[in-house]
Amino acid sequence: MRNKKPIETFKQGEHLTVAEGEYSDYCVNGLFRVVRDFDAQEQLVLWAAETGRELTEGAVESDYSEKIAYIPWLAQHAFLEDVDYRELHIRSYGTTALNEHKPMKV
């Protein structure tokens, strides 16, 4: 996959995408605007403690259905807000199409 470095601080006004998977399973699941500065790792620790999740080596293991629960938590704590956007999707076989995208509501 790509070279990834740990995320530290997100700054007010930045845009944040939520992505998951690797290689052919890689996808982006939302676009958000950062409403106020936050340290992603620090908030992950607080979220895990507040929701009774176990933090192991800086990560929280969870089942598929709840793995993005951290994002609504960030929105509820006024760190993120939804952004309406459109998607330019380059399909698997070379077709380019402009698709409307409904943002994930947090």
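Biologist: Which element of the protein chain has the lowest mean pLDDT, and which the highest?

Modeller: Strand β9 (residues 96–101) has the lowest mean pLDDT, 64, and strand β4 (residues 38–39) has the highest, 95. This is a predicted model, and pLDDT gives the predictor's confidence in each residue, from 0 to 100. Over the protein chain the average pLDDT is 79, and 72% of the residues score at least 70.

Biologist: How should I read a sheet, and in what order do the strands of the open sheet lie?

Modeller: In general, strands of a sheet pair through backbone hydrogen bonds, either parallel or antiparallel. Here 3 strands form an open sheet in the order β2-β3-β7, with antiparallel pairing. β2 and β7 are the edge strands, each pairing on one side only. On average, neighbouring strands of this sheet are turned by 45° against each other, direction ignored.

Biologist: How many bridges join β2 and β3?

Modeller: Strand β2 (residues 15–20) and strand β3 (residues 27–34) are paired over 6 bridges, in the antiparallel sense. One bridge to look for sets Ala-19 against Val-28 in β3. The two strands form a hairpin with 6 residues between them, and in the turn Gly-21 has a positive phi of about 80°.

Biologist: What are the bridge partners of Phe-32 and Val-34 in β7?

Modeller: Phe-32 has Asp-82 as its bridge partner, and Val-34 has Leu-80. β3 and strand β7 (residues 80–82) pair over 3 bridges, again in the antiparallel sense.

Biologist: Now the interior. Which residues of the largest nonpolar core touch the most other members?

Modeller: That core has 17 residues, and those touching the most other members are Leu-16, Phe-38, Tyr-70, Ile-71, Leu-74 and Leu-80. At least two core residues come from each of β2, β3, α1 and α2 (70–76). Take Leu-16 as a case: leaving out residues up to four places away in sequence, Leu-16 touches Phe-10, Gly-30, Leu-31, Phe-32, Val-34, Phe-38 and Leu-80.

Biologist: Is Gln-43 buried or exposed?

Modeller: Gln-43 has 9% relative accessibility, so this residue counts as buried; the cut-off is under 20%. Gln-43 lies in helix α1 (residues 40–51). Apart from neighbours within four places in sequence, Gln-43 is in contact with Phe-38, Tyr-70, Trp-73, Leu-74 and Phe-79.

Biologist: How do I describe aromatic rings, and how many aromatic pairs does the whole structure hold?

Modeller: A pair of aromatic rings is described by the distance of the centres and the angle of the planes. A search of the whole structure finds 4 aromatic pairs. In one of them, Phe-38 and Phe-79 are 5.1 Å centre to centre with 50° between the planes, a tilted arrangement. Phe-38 is in strand β4 and Phe-79 is in the loop between α2 and β7, so this pair ties together parts 41 residues apart in sequence. Both rings belong to buried residues: Phe-38 has 3% relative accessibility, and Phe-79 has a relative accessible area of 5%.

Biologist: What about the rings of Trp-47 and Tyr-70?

Modeller: Their centres are 5.4 Å apart and their planes are at 50°, so the pair of Trp-47 and Tyr-70 is tilted. Trp-47 lies in helix α1 and Tyr-70 in helix α2, so parts 23 residues apart in sequence are tied together. Trp-47 and Tyr-70 are both buried.

Biologist: Which residues do ring pairs link into a cluster?

Modeller: The cluster consists of Phe-10, Phe-38 and Phe-79, linked by ring pairs.

Definitions and conventions
Residues numbered from 1 in each chain as written. Predicted model: local features only at pLDDT ≥ 70, side-chain atom pairs only at ≥ 80, totals over all residues. Heavy atoms only, no water. Pairing = 2+ DSSP bridges. Helix = DSSP H or I, 4+ residues; strand = E, 2+ residues; numbered from the N terminus. Buried < 20%, exposed > 50% of the residue type's maximum accessible area, 1.4 Å probe, protein only. Contact = heavy atoms within 4.5 Å. Core = buried A, V, L, I, M, F, W, Y, C linked by side-chain atoms within 4.5 Å. Axes fitted to C-alpha atoms, helices over the stretch in contact; angles between N-to-C directions. Phe/Tyr/Trp six-rings, centres within 6.5 Å; stacked < 30°, edge-to-face > 60°.
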